[in-house]
Amino acid sequence: MFRKLLNMNNWFLFFASIMLIGASTVLMKLLEPETFPSLFDSFWWVMTTVTTVGYGDFYPVSVAGRIYAIFLYFFGIGLIGVVIGKLVESLSFFRLLKEEGKMQYLGVNHIVMIGWSGKVQHAIAELLDSDNRIEIVLIASLEKTPVNTERVHYIKGEPADEEVLQKANVKKCRSIIIFVDETIKEPKLADAKSLMAATAISKYAGDLHITVEVLEEKHIELFRHVSVDEFVVSDETISHLAVQAALSAGASKLFSQMLSRSVGDDVCQIPIRPEWKTYRDAFNYLAEQGATLIGDKESLNIASKLDESLPEKGELFVICNDACYEQLVKYKHRS
């Protein structure tokens, strides 16, 4: 009998358990109304019996009640035990699916990262540290998730596959970052793979903010037919930092502070306020709050256009600490 129970459909077992508990509750109330004054008392006894807890505060005293209790001991306890085992097995199965990257992500406003390397690992840590509410979906071709945290959801597969993009819920994400596949040694082939991923994403999801890491700047021209918002030239960026460090002592520390949230103050975006008419108004106000205005989306040369008018809407870049940033963005949330 128990072998057949184990092979039964899970939904049928769950439904049968509910029916058994409900019928037993009503039946014991009818058989012994004095022992079980209310349906809740009867239900309490049935639950403590089938789960083998057995507090002993209620128990049947009539022959009919005890005969039915014996039935519950044999059949009810076995059925509920199988159901609990099935539930535990299902939870373990879903956990395994998540670790292997086979479960669909249903959240929204997340950040999708494509590829896995040491750079991706640092980028994930940086994002998680910068915002305690943000969630990340990682797409890579690994056997199991490389990051064990609830805020990172792993999807196994290639980003050029529409089914993989659907599992990552790309259409409802906040932005996408495509990293270079470091297993491909030839720069042209590595950037070509990134191009293929960007093309598939644009075709599937339409207008999204896409950032692509490329190995060589000349390959950016290949992306002209794809909707890519920003490029990061990996090798040249590292070379520029090394040269600056050699020419100007301490330059690399300054750039690291600007790029990383774990070192010093951070570069942050803040909204433009209506009371700011010129860049000078914004610069003076932000300086009083402890923030340094360094640029807008067009340029970093703020000093040369302090008396120019600000656009009605937009974002400015400032350098400030976390406490100052929280105060500055409160305006954005109120708006």
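**Exercise 1. How do the residues of the lining of the second largest pocket divide into nonpolar, polar and charged?**

Solution. First, the basis: this is a predicted model, where local features need pLDDT of at least 70, side-chain atom pairs count only at pLDDT 80 or more, and totals for chains, interfaces and linings use all residues. Residues are numbered from 1 along each chain as its sequence is written, and side-chain values use heavy atoms, with hydrogens and water left out.

Step 1. Fix the term. A pocket is an open set of points on a 1 Å grid over the protein atoms alone, fitting a 1.4 Å probe, with protein on both sides within 12 Å along at least five of seven lines; lining residues have an atom within 4 Å of a point.

Step 2. Take the volume. The second largest pocket holds about 310 Å³ of space, counted as the space filled by probe spheres set on the points.

Step 3. Find the lining. It has 20 residues, and G115, W116, S141, D181 and K193 are the closest to the centre. β2 and α7 are the elements that give two or more residues. The largest share, 4 residues, is from α7.

Step 4. Sort by class. The lining has 11 nonpolar, 5 polar and 4 charged residues. Here Asp, Glu, Lys and Arg are charged; Ala, Val, Leu, Ile, Met, Phe, Trp, Tyr, Cys and Pro are nonpolar; the others, Gly among them, are polar.

**Exercise 2. Give the strand order of the open sheet, then place helices α5 and α7.**

Solution. Step 1. Helices (H or I, at least four residues) and strands (E, at least two) are DSSP runs, numbered from the N terminus. Two strands pair if DSSP finds at least two bridges between them.

Step 2. The 6 strands run in the order β3-β2-β1-β4-β5-β6, with parallel pairing. β3 (152-156) and β6 (230-233) are the edge strands, each pairing on one side only.

Step 3. Check one pair. β1 (residues 111-114) and β2 (residues 136-140) are joined by 4 bridges. I114 has I139 in β2 as its bridge partner.

Step 4. Add the helices. α5 (residues 118-130) lies across β1, β2, β3 and β5 (210-214), at about 170° to β1. α7 (residues 187-205) touches β1, β4 (175-178) and β5, and makes about 170° with β5. Contact means heavy atoms within 4.5 Å. Angles run from 0 to 180 degrees between N-to-C directions of axes fitted to C-alpha atoms, for helices over the stretch in contact.

**Exercise 3. Is N169 buried or exposed?**

Solution. Step 1. N169 is in the loop between α6 (162-167) and β4. Its phi is positive, about 55°, although N169 is not a glycine.

Step 2. N169 counts as buried because its relative accessibility is 15%; buried means under 20% relative accessible area, exposed over 50%, partly exposed in between (1.4 Å probe, protein chains only).
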